[in-house]
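User: Please examine one part of this model closely, namely the packing around a single helix, and place it in its wider setting.
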Amino acid sequence: KNNKKYILWDLDGTIVESEDSIFKLNMFTYASNKIGLNFNLKKEQYIGHEAKNIFKLLLDYNEVHDKNYYWNLYNNWYEDAVKYILNNVEEVRPRENVISLWNLLSKYNIIHSIVTSSRKDVAEAYLKNIGLFSSCKEIICIDDVSEPKPSPIPYITAMQKLKIVSQDCIAIEDS
């Protein structure tokens, strides 16, 4: 029987303040300008929303009639948004008290892992930026699963990778 205990942390909005509206506005403006679109959505239209839904709203806002052409540019837009994150990761701060909580729990031999709908390169950059990467046992991200959260598949995948059962862990989420 496994005597170790684990915390499966959500990342965005839980460990890091990646949902900051100014940061997201700058990121989406950068990516949109690269493909010739204006980004002028209201923050409630892009904070906490999935990229494809934001892109659809962006096309509507810009009154794009040839949506097929722009949907072919979606991957470029998304990659430019990720490039913005990676180039400006130092602007993304940890949530208040999360580092001290992480470190305190580590003293009690609690093992930390991340379960996120972000890409692995973004998750690693965030964790390296705030100094938690080296003490993170596993990162389960969008690249590892067939369905993103809120599906339970990311958490089931994490437990399988860590070789644990639900009694060995808790999940900490922001939603």
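At what angle do α5 and α7 pack, and how far apart are their axes?

Analyst: The model is a predicted one, in which local features need pLDDT of at least 70 and side-chain atom pairs count only at pLDDT 80 or more, whereas totals for chains, interfaces and linings use all residues. Residues are numbered from 1 along each chain as its sequence is written, and side-chain values use heavy atoms, with hydrogens and water left out.

α5 and α7 pack at an angle of about 15 degrees, and their axes lie 10 Å apart (axes are lines fitted to C-alpha atoms, for helices over the stretch in contact, with angles from 0 to 180 degrees between N-to-C directions). α5 is therefore roughly parallel to α7 (under 35 degrees; over 145 is roughly antiparallel, 65 to 115 roughly perpendicular and the rest oblique). On the side of α5, Val82, Ile85 and Leu86 make the contact, and on the side of α7 the residues are Asp121, Val122, Ala125 and Tyr126 (contact means heavy atoms within 4.5 Å). By class, six residues of this contact are nonpolar, none is polar and one is charged (Ala, Val, Leu, Ile, Met, Phe, Trp, Tyr, Cys and Pro are nonpolar, Asp, Glu, Lys and Arg charged, and the others, Gly among them, polar).

α5 also packs against α1, at an angle of about 135 degrees and with the axes 8 Å apart. The two helices, α1 and α5, are therefore oblique to each other. From α1, the residues that meet α5 are Phe23, Asn26, Met27, Phe28, Tyr30, Ala31, Ser32 and Lys34. Their counterparts in α5 are Trp77, Asp80, Ala81, Lys83, Tyr84 and Ile85. Nine nonpolar, two polar and three charged residues make up the contact of α1 with α5. Ile85 thus appears in the contact with α1 as well as in the contact with α7.

A further partner of α5 is α3: the axes of these helices come within 11 Å and cross at roughly 115 degrees. Here Ala51, Lys52, Ile54, Phe55 and Leu58 of α3 touch Tyr74, Trp77 and Tyr78 of α5. The contact of α3 with α5 holds seven nonpolar residues, no polar residue and one charged residue. Trp77 takes part in this contact and is also among the residues of α5 that meet α1.

The same helices recur around the largest pocket, which holds about 1,000 Å³ of space. A pocket is an open set of points on a 1 Å grid over the protein atoms alone where a 1.4 Å probe fits, with protein on both sides within 12 Å along at least five of seven lines, and lining residues have an atom within 4 Å of a point. The volume is the space filled by probe spheres set on the points, which are joined across faces, edges and corners. There are 33 lining residues, of which His49, Glu50, Ala51, Ser117 and Ser118 are the closest to the centre of the pocket. The elements that contribute two or more residues to the lining are α1 (21-34), α3 (51-61), α5 (74-87) and α7 (120-130). α5 gives the most, with six residues. The lining comprises 15 nonpolar, eight polar and ten charged residues.

In the wider setting, the protein chain has eight helices and four strands (DSSP runs, H or I of at least four residues and E of at least two, numbered from the N terminus). Their order from the N terminus is β-α-α-α-α-α-α-β-α-β-α-β. The C-alpha atoms fill a box of roughly 60 × 30 × 25 Å along the principal axes.

Two backbone details complete the account. Glu63, although not a glycine, has a positive phi of about 50 degrees, and this residue lies in the loop between α3 and α4 (67-71). The peptide bond from Lys149 to Pro150 is cis, with omega near 20 degrees. Pro150 belongs to the loop between β3 (136-140) and α8 (153-162).
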